[in-house]
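Please look over the sequence and the model below before reading on. The paragraphs that follow lead from the whole chain to a single sheet, then to its strands, and finally to some details of the backbone.

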Amino acid sequence: MSLLNASGCLDALVAPEVAKTLDGFVTKTITPLPREGNAPPRIAETAHGMLNAIGLANPGRERFLADHLPRMRELGLPLWISVGGFCASDYAETCAALSDVQGEVEAIELNLSCPNVDEAADSAAEIVAACRTATSLPLFAKLSAAHPDVGEVARAVAHAGADGLSLVNTLRGLQLDRVTHAPMLARGSGGLSGPSLKPVALHAVHACYAATHLPIVGMGGVASAQDVIDMVACGAAHVAFGTALFADPYAVKRVREELAVVSFDDIFASAHAVTKPRVFAA
Ligand SMILES: Cc1cc2nc3c(=O)[nH]c(=O)nc-3n(C[C@H](O)[C@H](O)[C@H](O)COP(=O)(O)O)c2cc1C
């Protein structure tokens, strides 16, 4: 079981000491062309989490490969590259470019589920199939829990060639200014993350593990040792910290120490064990 960051929630080049507390670093989603992202404000606090509408701000594929990736390699960590786009060929071209630097990349996470861009993407399975033909690197499909049957989407991307799943991305939400009643984010709605997302994420991990038995990176509201244990019990092989890192950048180091005595072999997928009916004494 390894502990990662959630994409977009840690800049390893700005905070290398924090990145070194991880078993692997997941980059911000990279798109073919550079993106400024959405207008500010693009982050707002909610009662039990946060909303963001960053809009995939990133340097674009060319600059990422020439400048960011070589500097990230100096961290000495396994690198997971988050790949985004607006059609299957966008994703596949970036996967092909990453294959040329094979040996430096641990896995590719396909961001199939960003709620903060307007462009409609091709279907998740179409994108995975296109990427499968473009690379032999491990492909993790990052899904949203917004689909009524996330297990069905997981089966489709597994069939299309995904090696693993990342679950879950944010869910679309809205936060209003208390006085003006205007949306807090310039874009209006944004992606909800943090503690309010945890039960949704646990359900998705549980359903997708049952549907596919693929390796899963579980994320959504993870901040404590208990949260990690819950994710693993539902079937996560890896667990990622996102929103928690904004308040507590060293959360992974702290939780890792707390987990030192835990046997993950005993816990893994234990939430799938058939529960026996309770027998009450008369
Ligand atoms: C500020 C912010 C930026 C994010 N950017 C990305 C991104 O670029 N790509 C992506 O796949 N997910 C992105 N996410 C979603 C996270 O990776 C994660 O799936 C989500 O926040 C749920 O985990 P959490 O509740 O632990 O934050 C972002 C989340 C936040 C809060």
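In this predicted model, 46% of the 282 residues of the protein chain count as buried. The chain has 10 helices and 12 strands, and its C-alpha atoms fill a box of roughly 70 × 55 × 35 Å when the box is taken along the principal axes. A compact globule with 282 residues would have a radius of gyration near 19 Å, and because the protein chain has 19 Å, the two values agree. As for how the chain meets itself, 71% of the contacts between residues at least 6 apart in sequence join residues that are at least 24 apart.

The next step is to follow the strands. Eight of them form an open sheet with parallel pairing, in the order β1-β12-β11-β8-β7-β6-β5-β2. β1 (2–5) and β2 stand at the edges, and each has a single partner strand, so one side of each is left without a neighbour in the sheet.

Within this sheet, strand β7, which spans residues 139–143, is a useful place to pause, and one may ask which of its residues are buried on each side. On one side these are Leu 139, Ala 141 and Leu 143, and on the other they are Phe 140 and Lys 142, so that both faces of β7 are covered. Put as a count, five of the five residues of β7 are buried.

Which strands, then, pair with β7? One of them is strand β6 (residues 107–111), which pairs with β7 in the parallel sense over four bridges, and here Leu 110 has Ala 141 of β7 as its bridge partner. Another is strand β8 (residues 164–167), whose pairing with β7 is also parallel and also runs over four bridges, with Leu 143 standing opposite Leu 167 of β8. To get from β7 to β8 the chain passes through helix α5 (residues 150–159), and this β-α-β crossover is right-handed.

From β8 the sheet can be followed to strand β11 (residues 216–218), which runs parallel to β8 and is joined to β8 by three bridges. Leu 167 appears again in this pairing, since its bridge partner in β11 is Gly 218.

The same residue leads to the details of the backbone, for the peptide bond from Leu 167 to Val 168 is cis, with omega near 15°. Val 168 itself lies in the loop between β8 and β9 (171–173). Another cis peptide bond joins Pro 40 and Pro 41, where omega is about -5°, and Pro 41 has its place in the loop between β2 (25–26) and β3 (43–46).

Two further residues deserve a look for their phi angles. His 181 has a positive phi of about 65° although it is not a glycine, and this residue is found in the loop between β9 and β10 (190–193). Is His 181 buried or exposed? His 181 is exposed, because it has 7 other C-beta atoms within 10 Å, and a residue with 12 or fewer counts as exposed. Ala 269, which is likewise a residue other than glycine, has a positive phi near 60° and lies in the segment after α10 (264–267). Ala 269 counts as partly exposed, because it has 18 C-beta neighbours inside 10 Å, whereas a buried residue would need 20 or more.

Definitions and conventions:
Residues are numbered from 1 along each chain as its sequence is written. This is a predicted model: local features need pLDDT of at least 70, side-chain atom pairs count only at pLDDT 80 or more; totals for chains, interfaces and linings use all residues. Helices (H or I, at least four residues) and strands (E, at least two) are DSSP runs, numbered from the N terminus. Two strands pair if DSSP finds at least two bridges between them. A crossover is right-handed if, with the strands pointing away from the viewer, the path from the first strand over the helix to the second runs clockwise. The radius of gyration is taken over C-alpha atoms; the globule rule is 2.2 Å times the number of residues to the power 0.38. Two residues are in contact if their C-beta atoms, placed from the backbone, lie within 7 Å.
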